[in-house]
Amino acid sequence: MTDRTAVRTGLLTVDGATLHHEVRGEGPLLVMMPGGSADAGIYDAIAADLADRWTVATFDPRGYSRSALAGPVTDQSPATHADDIVRLIESLSPDGAPAALFGSSSSAVVALAALARHPGRLSRVVAHEPPVVALLPDPEAGRALFAAVREAFRRDGVAAAMTTMAAGLAPEEGEAAPGPQRAAAGSEQSAAAEEPPTPEQTAERADTGEQAPTAEQAATFRRMHANLPVFLEHVLCPFSGYVPDLVALKASAAHLVVGVGRDSRALLPAVAAEGLARRVGAGVAEFPGGHIGLTEHPRAFAARLRDVLAAP
């Protein structure tokens, strides 16, 4: 009997890059795109849970981790990343069958671009909290926030940038406070696990019942942390500044589900997501946790995603 959680790895040449991708399971194709500075490793737990129903493909975005660029890194485009997704779908679904697509945070922006540009290749798209500032009540404030994050990175480094982002995304006084305020990019977990735990940290975690990361998990976190400079300099502002093709998305709204975190509905990405749903007539699905609920509650998040993907 085949182990459906076994990982099959591959490399795919696309325009200007080579994509590392990982495939688990059998059944209809589901492509899961990592957001922020994350790579395929962010989905290890969720992909294993869903591999009983889908062929789950995860990957490192171009310029991250094991997906090398053919030249120097420059500002990234959601449209280019969307075309990468379609190339991946074509390689894994050569019979032309459409694929389901999931993206969170910055990769949810890619999901919107992919649906607008290649609707015939996609059966269902779940875009979880795309931080598209054009859809905010005050777009200029959103653009100013992400520009300030990038400037903090240029001036003082990664830690200063993440602090600026966390402060900027916190709810105003008097609003319902979301859960853990771990900024917005799906990458601060990797920053917190930049190095393997010390013996003292391991002992402390054992005392509190917290499970220490394995050596493999620690390596994954270090890999994703190393992507943060690329994310902060070349992805954050171009992706958050993306202007969706609302006409094309409205035409495909039956295939689009906008995800929001139960604990993050007062934050910028969820506000933008719900604004998008209203503009194009897409459905809205609430997911466990906050903006990075997929790392906070991976099993519950996978169960909710299973329901959303399987809904008629």
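A polar contact here is a pair of N or O atoms within 3.5 Å, where one atom must be able to donate a hydrogen and the other to accept it. That cut-off comes into play at S240 in this predicted model, where a polar atom of the side chain lies 3.4 Å from the backbone oxygen of C237. S240 belongs to helix α9, which runs over residues 228-240. With a relative accessible area of just 4%, S240 counts as buried, since the limit for that label is under 20%. Once neighbours within four places in sequence are set aside, S240 still has company: P131, V132, V133, F146 and V235 are in contact with it.

Stepping back to the whole protein, the model has 13 helices and eight strands. Of its 312 residues, 52% are buried. As for how the chain folds back on itself, take the contacts between residues at least 6 apart in sequence: 73% of these join residues at least 24 apart.

The eight strands make up an open sheet with mixed pairing, and reading across it gives the order β1-β2-β4-β3-β5-β6-β7-β8. The edges are held by β1 (8-14) and β8 (283-287); each has a single partner strand, so one side of each is left without a neighbour in the sheet. On average, and with direction ignored, neighbouring strands are turned by 25 degrees against each other. One face-on partner of this sheet is a helix, so to speak: α13 (residues 298-310) packs on the sheet. Helix α13 touches β3, β5 (99-104), β6 (122-128), β7 (256-261) and β8, and its direction makes about 160 degrees with that of β8. Within the sheet, β3 (residues 29-33) and β4 (residues 55-59) pair in the parallel sense, with four bridges between them. In one of these pairings, V31 has A57 of β4 as its bridge partner.

Strand β3 also carries L29, a buried residue with a relative accessible area of 8%. Neighbours within four places in sequence aside, the contacts of L29 are T55, A57, I89, L92, S93, A99 and A100. A57 thus turns up twice, as the bridge partner of V31 and as a contact of L29. Between L29 and L122, which are 93 residues apart along the chain, the C-alpha atoms are separated by 9.8 Å.

Turning to the helices, α8 covers residues 215-226, 12 residues in total. From its first C-alpha to its last, α8 reaches 17 Å, close to the 16 Å expected at 1.5 Å a residue. Which residues of α8 are buried? They are A218, T220, F221, M224 and H225. These five cover an arc of only 160 degrees around the axis, which puts them on the same side of α8. On the other side of the helix, A215, E216 and A226 are exposed.

Helix α5 (residues 158-169) is home to A160. Buried or partly exposed? A160 counts as partly exposed because its relative accessibility is 23%, and the buried label needs a value under 20%. The C-alpha atoms of A160 and R150 are separated by 9.7 Å, with the two residues 10 apart along the chain. For comparison of labels, S240 in α9 is buried at 4% and L29 in β3 is buried at 8%.

Methods:
Residues are numbered from 1 along each chain as its sequence is written. This is a predicted model: local features need pLDDT of at least 70, side-chain atom pairs count only at pLDDT 80 or more; totals for chains, interfaces and linings use all residues. Side-chain values use heavy atoms; hydrogens and water are left out. Helices (H or I, at least four residues) and strands (E, at least two) are DSSP runs, numbered from the N terminus. The expected span of a helix is 1.5 Å times one less than its number of residues. Buried means under 20% relative accessible area, exposed over 50%, partly exposed in between (1.4 Å probe, protein chains only). The arc is that of the directions from the helix axis to the C-beta atoms. Two strands pair if DSSP finds at least two bridges between them. Axes are lines fitted to C-alpha atoms, for helices over the stretch in contact, and angles run from 0 to 180 degrees between N-to-C directions. Contact means heavy atoms within 4.5 Å.
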